[in-house]
Amino acid sequence: MIKKFINRLLGKSDAGNTSRAKPFGKREDVPADVHGIDRALVDQRALDVVHTLKQAGFDAYIVGGAVRDLLLGLRPKDFDVATSATPEQVKGLFRRAFIIGRRFRIVHVVYGRGREHEVIEVSTFRAYMDNAVAEQVAGNERTSKGELAGMKHAVDASGRVLRDNVWGPIEQDAARRDFSINAMYYDPETQTVVDFHHGIRDAKKRTLRMIGDAATRYREDPVRIIRAVRFGAKLSHLGFTFDPKTLEPLASSRKLLADVPQSRLFDEMLKLLQTGHALASIEQLKAVGLGTGIYPLLDVVVERADDEFVKLALQDTDRRVGESKPVAPSFLLACVLWADVRKGWMQRLQPRPGQRAPAPVSALQEAVDDAFEARVGDVSGRGKLGADMREIWMMQPRFDKRVGTSPFSLADQPRFRAGFDFLRLRAQVGEVEEELAHWWETFSMASDDMRDDMVDAQRRENLTKPGAGKARRVKRTDADHPASAPAADPRFRATDEEGDEDGSGEEEIAQGAPADGSAPAKKRRRRRRKPSGAGRAEDGPGESGPTD
């Protein structure tokens, strides 16, 4: 006590006592017969990464959400590995490994190619650092980029960690993780779970508990607020609830998100909506008081979640994730913003007094531009995602054209399936006829011959619709009958009704008239070229004579 008092008077920090006071927890090695994890649920590529690291003399464990899911009897979708090897050492052990990140440097070990590739994320054990003694910058990642370049542990003025690349032992790495159920380490070779913070106990009690002081942990990384909501939504069907001390500061910490880069918030929003628990995530946001204020586009999703069209899209996304099918953020966001686009489209299709109605495609294009300007913004509205959303919307009027070559070219579009799924949802809510969606579903799976038959049948059906153009018999009294044609142009040669005095007209008829007696084609009279220097005669068009 006296030493602490003297140090406080002298302005010294009691580093030794601070270190001992850190909540590193007590290590507990739990055997397989207690934790009950089925090793067969572990991805072979994750096993390969762990084995390679251990063969090289490093400690290595499967860590994080994968251990939590294995403990609950679920098959994890992603596997992360934690090791005592530095990022450079990890990279040197694998043929296809890439160091990524600035705030947290990690390694992606890649297996396979194309869409079938798998990434195992490998992180180095990090030291538990006191943010009070970290290097501090006044700005953020962008404004202080040069200043942060040489720093390993840095925070901004609010206490948010901007750099955390100081390596340490496994017990310190566990202390700096967020929830106790995410701070367990599984060694698949010995089938032992290493637990420092009673993660197994909390998993059995179905409790989400933040390690350490929750308010401080949210301040260190405000994205933990969104992660808490995501974990709560994902595990709610298993009966998980928040520990009171974890839940209490959650909503009041929302203001900390204002300092997080918009691109990172956008990515976290997509995780909320694309991990198979979109509807549960929205309910969780509302339940904890975070229905607004996280990200503008997410506010729109929450606001429209009860709309029939958006709800169907959210359910469809959850279903596809559950069936291990790919999902695209462009499709879901296109559904969320369709109400804005459709409203603007319908308004533009109404003709103004004295003006013709604009073409549907151009009207839709203008409505799409307005929706992007008002709702999407710079982060998500540029690049491939924005282009895909536009393409889905711009396909919709093309589905109305089912004759000619249009159906064939539309079905060959790379984004046809997304555009058709969008049309299908529109049909489900009664926005378009169910028959239209059924026709396109059949056409998309039909053979070439069947497609030709479908287009021909549609053409014949269109001719029977009221107002459709039909072939008719032309009567002599009709204005478009040949007998009502205008008088012959005098600039053309006379036909059978006229002739020259010398009978040249009759000769022309005899030589050029068709055998069936119909009128011959009119022949244009050639104009003779004048001699050089000759003037134009005034006694008739095309005639010339000598000049004085």
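**View 1. Pairing of strands β4, β5 and β6 in the predicted model.** F98 stands opposite H108 in β5, and this pair belongs to the stretch in which β4 and β5 run antiparallel, joined by four bridges. The model shown here and in the views that follow is predicted. Strand β5, which spans residues 106–111, is mostly covered, with five of its six residues buried. β5 also pairs with β6 in the antiparallel sense, here over six bridges, and within that pairing V109 stands opposite I120 in β6. In a regular strand the side chains alternate between the two faces of the sheet.

**View 2. Strand β3 between β2 and β6.** Strand β3 comprises residues 80–83 and is joined by four bridges to strand β2, residues 60–63, the two running antiparallel. In this pairing Y61 stands opposite A82 in β3. Four bridges also join β3 to strand β6, residues 118–124, but these two strands run parallel. In β6, E121 is the bridge partner of D80. Strands of a sheet pair through backbone hydrogen bonds, either parallel or antiparallel.

**View 3. The open sheet and its edges.** The sheet is open and contains eight strands with mixed pairing, in the order β1-β11-β10-β2-β3-β6-β5-β4. Its edges are formed by β1, residues 28–30, and β4, residues 97–100; each has a single partner strand, so one side of each is left without a neighbour in the sheet. From one strand to the next the twist averages 30°. At the β1 edge, the pairing with strand β11, residues 192–195, is antiparallel and extends over three bridges, with D195 in β11 as the bridge partner of E28.

**View 4. Helix α11 and the elements that cover it.** Helix α11, residues 223–235, has 13 residues and reaches 18 Å from its first C-alpha to its last, close to the 18 Å expected at 1.5 Å a residue. Eleven of the 13 residues of α11 are buried, so this helix is largely enclosed by the rest of the structure. The buried residues of α11 include the nonpolar V223, I225, I226, A228, V229, F231, A233 and L235, and R224, R230 and G232 are also buried. The covering of these buried residues includes the helices α5 (65–71), α10 (214–220), α13 and α14 (278–287), together with the strands β12 (207–208) and β13 (241–242).

**View 5. E268, a buried residue of helix α13.** E268 has its place in helix α13. With a relative accessible area of 6%, E268 is buried, because the cut-off for that class is under 20% relative accessible area. Leaving aside its neighbours within four places in sequence, E268 is in contact with V223, I226, R227 and R230. Of these contact residues, V223, I226 and R230 are themselves listed among the buried residues of α11.

**View 6. Packing of helix α13 against helix α15.** Helix α13, residues 262–274, packs with helix α15, residues 296–304, at an angle of about 25°, and their axes are 9 Å apart. That makes α13 roughly parallel to α15, because angles under 35 degrees count as roughly parallel. On the α13 side the contact involves Q262, F266, M269, L272 and L273, which meet P296, L297, L298 and V301 in α15. The residues of this contact divide into eight nonpolar, one polar and no charged. An α-helix has 3.6 residues a turn, so residues three or four places apart point the same way.

**View 7. Crossing of helix α13 and helix α17.** The axes of α13 and helix α17, residues 329–336, come within 11 Å and cross at roughly 90°. That makes α13 roughly perpendicular to α17, because angles of 65 to 115 degrees fall in that class. The contact is made by F266, M269, L270, L273 and Q274 of α13, together with P329, L332 and L333 of α17. By class, it has seven nonpolar, one polar and no charged residues. F266, M269 and L273 of α13 take part in this contact, and F266, M269 and L273 also meet residues of α15.

**View 8. The whole chain, for orientation.** The protein chain has 25 helices and 13 strands. Of its 548 residues, 42% count as buried. Among contacts between residues at least 6 apart in sequence, 62% join residues at least 24 apart.

Technical notes:
Residues are numbered from 1 along each chain as its sequence is written. This is a predicted model: local features need pLDDT of at least 70, side-chain atom pairs count only at pLDDT 80 or more; totals for chains, interfaces and linings use all residues. Side-chain values use heavy atoms; hydrogens and water are left out. Two strands pair if DSSP finds at least two bridges between them. Axes are lines fitted to C-alpha atoms, for helices over the stretch in contact, and angles run from 0 to 180 degrees between N-to-C directions. Angles under 35 degrees count as roughly parallel, over 145 as roughly antiparallel, 65 to 115 as roughly perpendicular and the rest as oblique. Contact means heavy atoms within 4.5 Å. The expected span of a helix is 1.5 Å times one less than its number of residues. Buried means under 20% relative accessible area, exposed over 50%, partly exposed in between (1.4 Å probe, protein chains only).
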